[in-house]
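Work through the exercises below with the structure open beside you. Try each task before you read its solution.

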Amino acid sequence: MKLLLACDFNRHSGYESIAEVLSTELVGLGHELTVLGKGYEGWEQNYPFRLIPSRYAWLPQQMVRVGRALKAEWVLLMMDIPKALAILRNLEKHEPKFLAEQRIAMLFPVESAPISDGWAYGLRTYPTLRFTFTEFAMDVLQKAKLPATLLPVGLAQEWNEVESEETEPKDVEALRSAE
């Protein structure tokens, strides 16, 4: 499947971390993926997906142009809700045909409750699919009657494991003399 992902890709950001893993997994599943990375400035990389530098103001037109050129089957927007909705409203105003024909999925965090009425309306109106990252977000969206799919992200299990107490090496004197 041909996918186009538009997301924040500022170096060392949470979205970049999620985008790297998600994009690599999607390619590993056999999808052809192109990423429009807001904040990506062309630094050297060896990702298994195409990564195109972008700016927030460029994203609506890039999504249309690149999406059509690639014949993308899905356009994925991964960013905060107000940013994604502003892009989709821009497309509704300037590229209604693209918005009407293109399947759109949004991937976003929910950091507080409740979801505002304006956000709920936008989330209900624009994306075909909604993905969020936490159980808290799922609860908030459920209360707003917004179906979504949980896409858990976070620290790997090994980061949560308690380290065993370190013990002194058997030959402490040999190590000290080596210093």
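**Exercise 1. Which residues of helix 3 are buried, and why do they line one face?**

Step 1. List the buried residues of helix 3: I81, A84, L85, I87, L88 and L91. Buried means under 20% relative accessible area, exposed means over 50%, and partly exposed lies in between (1.4 Å probe, protein chains only). Helices (H or I, at least four residues) and strands (E, at least two) are DSSP runs, numbered from the N terminus.

Step 2. Look down the axis of helix 3. Its buried residues fall within an arc of 155 degrees, so they line one face of the helix. The arc is taken from the directions that lead from the helix axis to the C-beta atoms.

Step 3. Recall the general rule. An α-helix has 3.6 residues a turn, so residues three or four places apart point the same way.

Step 4. Find the cover. Helix 2, strand 4, helix 4, strand 5 and helix 5 are among the elements over the buried residues of helix 3.

A note on the model: it is predicted, so local features need pLDDT of at least 70 and side-chain atom pairs count only at pLDDT 80 or more, while totals for chains, interfaces and linings use all residues. Residues are numbered from 1 along each chain as its sequence is written, and side-chain values use heavy atoms, with hydrogens and water left out.

**Exercise 2. Which element supplies the largest share of the largest nonpolar core?**

Step 1. Define the core. It is a set of buried Ala, Val, Leu, Ile, Met, Phe, Trp, Tyr and Cys residues joined through side-chain atoms within 4.5 Å.

Step 2. Find its best-connected members. The largest core has 33 residues, and M63, L77, L88, L91, M106, V110 and I115 touch the most other members.

Step 3. Name the supplier. Helix 3 gives the largest share of this core, six residues.

Step 4. Zoom in on L91. Leaving out residues up to four places away in sequence, L91 touches P60, M63, V64, P96, F98 and L99. Contact means heavy atoms within 4.5 Å.

Step 5. Look elsewhere. Another core, of 22 residues, lies apart from this one and includes L5, F9, F49 and L51.

**Exercise 3. Place strand 4 among its neighbours.**

Step 1. Check burial. Five of the five residues in strand 4 are buried.

Step 2. Sort the directions. W74, L76 and M78 point one way from strand 4, and V75 and L77 point the other way.

Step 3. Find the partners. Strand 1 runs parallel to strand 4, with five bridges. Strand 5 also runs parallel to strand 4, with four bridges. Two strands pair if DSSP finds at least two bridges between them.

Step 4. Match residues. L3 stands opposite W74, and V75 stands opposite I104.

**Exercise 4. How many aromatic pairs does the whole structure hold?**

Step 1. Set the rule. Rings of Phe, Tyr and Trp (its six-membered ring) pair if their centres lie within 6.5 Å; planes under 30 degrees apart count as stacked, over 60 as edge-to-face and the rest as tilted.

Step 2. Count. The search finds five pairs.

Step 3. Classify F9 and Y40. Their centres are 6.2 Å apart and their planes 85 degrees, so the pair is edge-to-face. F9 and Y40 are 31 residues apart in the chain.

Step 4. Classify Y47 and F49. With 4.8 Å between centres and 10 degrees between planes, this pair is stacked.

Step 5. Join them up. F9, Y40, W43, Y47 and F49 form one aromatic cluster.
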